[in-house]
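Trainee: I have a stack of "why is it called that?" questions. Could we go through them with the model in view?

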Amino acid sequence: MDTYKVLEIKQSVFQNNDRQADLLREDLKKEKTFLLNLMSSPGSGKTTTVLRTIEALKDEIKIGILEADIDSDVDANTVSKTGTKVIQLHTGGMCHLDADMTKQGLLGMGTEDVDFVILENVGNLVCPAEFDTGASKSAMILSVPEGHDKSLKYPLMFSIVDVLLINKMDVIEYFDFDLEAVTQHVKKLNPNIKIIPISARTGEGIEEWAEWIRKEVKNWNSN
């Protein structure tokens, strides 16, 4: 007969985080602040995409940025040069943000004068997909140089996001990247996902991305 207990710690951690995330979403809804969780692997072009997004929307939407990294303030420093409200979050070695960390970031930044917040999550295709941050919607970036097999290797990430931005389309001719194959597989994982090919460097596809944000922010504030 067993004389010990087995505690499913991971399950309890997720359950507690999910409760915190739901509460945070409720608060953001009341404040009419739309929070976007933006995820990707390192080097996909998250920060450059954030800069392009700011450029496209800064004259019509009040924007705030949460930059999450294990260490350094490189990204926050880059974003701050645009004049946009930004705060750097250090995770202390953790490879993701959870709802409580996100809430701390929002409190530190202040959302009273912000309509739209981008949370640039830690560069990772595994951990960030497992933790609900309390975001209104989630998006991820897949860059062309990463290859078209990432949805096969990291299906959870692709299955939980609302938008997939396929970045660095300006160099697709130099890589063996099958856009149609990516689209078909991702749609099987996530039939409702919106897929937008972009180039953060040239601006290709950014207006379509900005228009999606406009509609989502409007819907968030009106419902």
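Trainee: Why are Trp209 and Trp212 described as separated by about one helical turn?

Mentor: Because both sit in helix 9 (residues 206-222) and are 3 residues apart. Helices here are DSSP runs of H or I with at least four residues, strands are E runs of at least two, and both are numbered from the N terminus. Before we go on: this is a predicted model, where local features need pLDDT of at least 70 and side-chain atom pairs count only at pLDDT 80 or more, while totals for chains, interfaces and linings use all residues. Residues are numbered from 1 along each chain as its sequence is written, and side-chain values use heavy atoms, with hydrogens and water left out.

Trainee: What decides whether Trp209 is called buried or exposed?

Mentor: Its relative accessible area: under 20% is buried, over 50% exposed, and partly exposed lies in between (1.4 Å probe, protein chains only). Trp209 has 1%, so the residue counts as buried. Trp212, at 11%, is also under the cut-off and therefore buried.

Trainee: How many aromatic pairs does a search of the whole structure find?

Mentor: There are 3. One of them joins Phe34 and Phe116, with 6.0 Å between the centres and 40° between the planes. This pair links distant parts of the chain: Phe34 belongs to strand 1 (residues 34-40) and Phe116 to strand 4 (residues 116-120), 82 residues apart.

Trainee: What makes Phe34 and Phe116 buried?

Mentor: Phe34 has 1% relative accessibility, so it falls on the buried side of the cut-off. Phe116 has a relative accessible area of 0%, which means buried as well. A second aromatic pair is the one between Trp209 and Trp212, at 5.5 Å centre to centre with 5° between the planes.

Trainee: Why is the Phe34-Phe116 pair called tilted, and what makes the Trp209-Trp212 pair stacked?

Mentor: Rings of Phe, Tyr and Trp (its six-membered ring) pair if their centres lie within 6.5 Å; planes under 30 degrees apart are stacked, over 60 edge-to-face, and the rest tilted. The 5° of Trp209 and Trp212 is under 30, so that pair is stacked. The 40° of Phe34 and Phe116 is neither under 30 nor over 60, so tilted is the right word there.

Trainee: Which residues form one aromatic cluster?

Mentor: Phe34, Phe116 and Trp220.

Trainee: How do you know that Lys29 lies over the face of Trp220?

Mentor: A charge sits over a ring if NZ of Lys or CZ of Arg is within 6 Å of the ring centre and within 35 degrees of the ring normal. Lys29 is at 4.4 Å from the ring centre of Trp220 and lies over its face, so the rule is met.

Trainee: Why does the contact between Lys85 and Glu112 count as a salt bridge?

Mentor: The rule asks for a side-chain nitrogen of Lys or Arg within 4 Å of a carboxyl oxygen of Asp or Glu. Lys85 and Glu112 come to 3.9 Å, N to O, so they qualify. Lys85 lies in strand 3 (residues 85-90) and Glu112 in the loop between helix 4 (99-109) and strand 4, so the bridge ties together parts 27 residues apart in sequence. Lys85 is partly exposed at 26%, whereas Glu112, at 68%, is exposed.

Trainee: How many salt bridges does this rule give, and which residues are linked in a network?

Mentor: The count comes to 12 salt bridges. The network links Glu60, Glu207, Glu211 and Arg214. Within it, Glu211 and Arg214 meet at 2.9 Å, N to O, and they are 3 residues apart in helix 9, about one helical turn. Glu211 is partly exposed at 31%, while Arg214 has 18% and so counts as buried. Glu207 is also found in helix 9 and, at 48%, is partly exposed.

Trainee: What makes strands 5 and 6 a pair?

Mentor: Two strands pair if DSSP finds at least two bridges between them. Strand 5 (residues 137-143) and strand 6 (residues 163-167) have 5, in the parallel sense, so they pass. Met140 stands opposite Leu164 in strand 6. The open sheet has 7 strands in the order 3-2-4-1-5-6-7, with parallel pairing. Strand 3 and strand 7 (194-197) are at its edges because each has a single partner strand, leaving one side without a neighbour in the sheet.
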